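Me: Please take a close look at one part of this model, and walk me through its form and its surroundings in a single connected account.

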Amino acid sequence: MMRILFYGDSNTWGYNAQTGMRYANRFTKQIQKAFPEDEILEEGLCGRTLCHSDPYSLEERNGSKTISMVLKTHEPLDLVVILLGTNDAKRVYGTNALTSLEKGMDLFMHEAMDPDNFKRSIQTPRFLMVTPPKLHKEYASCMRTRIHFGQEGYEMLEQSAMPLKKMADKWQCDFLDLENIRAGKLDAIHLDEEGHCQVAEKLIKKLGEYR
């Protein structure tokens with residue numbers, strides 16, 4: 001039996017762009033069905049970033065500021081799956097893949113790997129970094145998405161694998177590239193039902209390697 005924590009943003013929460021509610025069959029629920037003996041812990045929060053504090057929101061959405069609290073809340077853990085990066089591509093932060101994804105993940109992992117987070121654990125859990133889903137190719141047709149992300153944000157998510165893999169190597173984490181999995185067409189940001197199934201399939205295969 002493994003205790004697996006999924007720490008992510010609105011796609012981990014399961015945000016349905018049509019209703020504003022959660023998908024019942026979100027990828028974490030599909031993983032739980034695939035591994036019923038495991039304890040799947042969901043820590044998804046809409047708007048969560050790796051390290052940025054949204055000037056128009058509460059600091060609770062800054063992932064680096066809350067990861068220690070979440071890890072201490074749920075310890076002991078066997079695996080921590082990180083699915084962040086989408087919100088860091090917003091133009092309000094004026095960043096690129098190097099400054100936001102690479103340096104942002106570096107700062108995030110510095111906080112996550114603090115030994116104080118694992119005082120009650122026999123050993124430090126393994127970490128798995130997962131690339132964020134890409135925006136839908138027709139993102140520009142969604143005015144809100146185009147304003148928030150722009151061409152720069154779109155390209156930043158297209159190029160997320162290289163900087164995140166670099167940080168996975170630095171921190172000796174496992175790595176999974178979601179490759180061409182994209183958000184749904186409705187708002188071009190969030191996974192649709194098919195996207196959740198695709199993410200679940202990739203993660204189930206990856207998690208099978210830990211057995």
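Reply: Contact here means heavy atoms within 4.5 Å. This is a predicted model, in which local features need pLDDT of at least 70 and side-chain atom pairs count only at pLDDT 80 or more, while totals for chains, interfaces and linings use all residues. Residues are numbered from 1 along each chain as its sequence is written, and side-chain values use heavy atoms, with hydrogens and water left out.

The part chosen is helix 4, which spans residues 97-112 (helices, H or I with at least four residues, and strands, E with at least two, are DSSP runs numbered from the N terminus). Just before this helix, in the loop that links strand 3 to helix 4, sits T95, which is buried at a relative accessible area of 12% (buried means under 20%, exposed over 50% and partly exposed in between, with a 1.4 Å probe and protein chains only). Apart from neighbours within four places in sequence, T95 touches H52, D88, S100 and M156, and its side chain makes a polar contact of 3.3 Å with that of S100 (a pair of N or O atoms within 3.5 Å, where within protein one must be able to donate a hydrogen and the other to accept it, and residues adjacent in sequence count only if both atoms are side-chain atoms).

The N-terminal end of helix 4 is capped by N96, with a side-chain oxygen 2.9 Å from the backbone nitrogen of T99. Further along, the helix has a kink of about 25° centred on G104 (the bend is the angle between axes fitted to the seven residues ending at a residue and the seven starting there).

G104 is also among the buried residues of helix 4, as are S100, L101, M105 and F108. The buried residues of this helix pack against strands 1, 3 and 4 as well as helices 3, 5 and 6.
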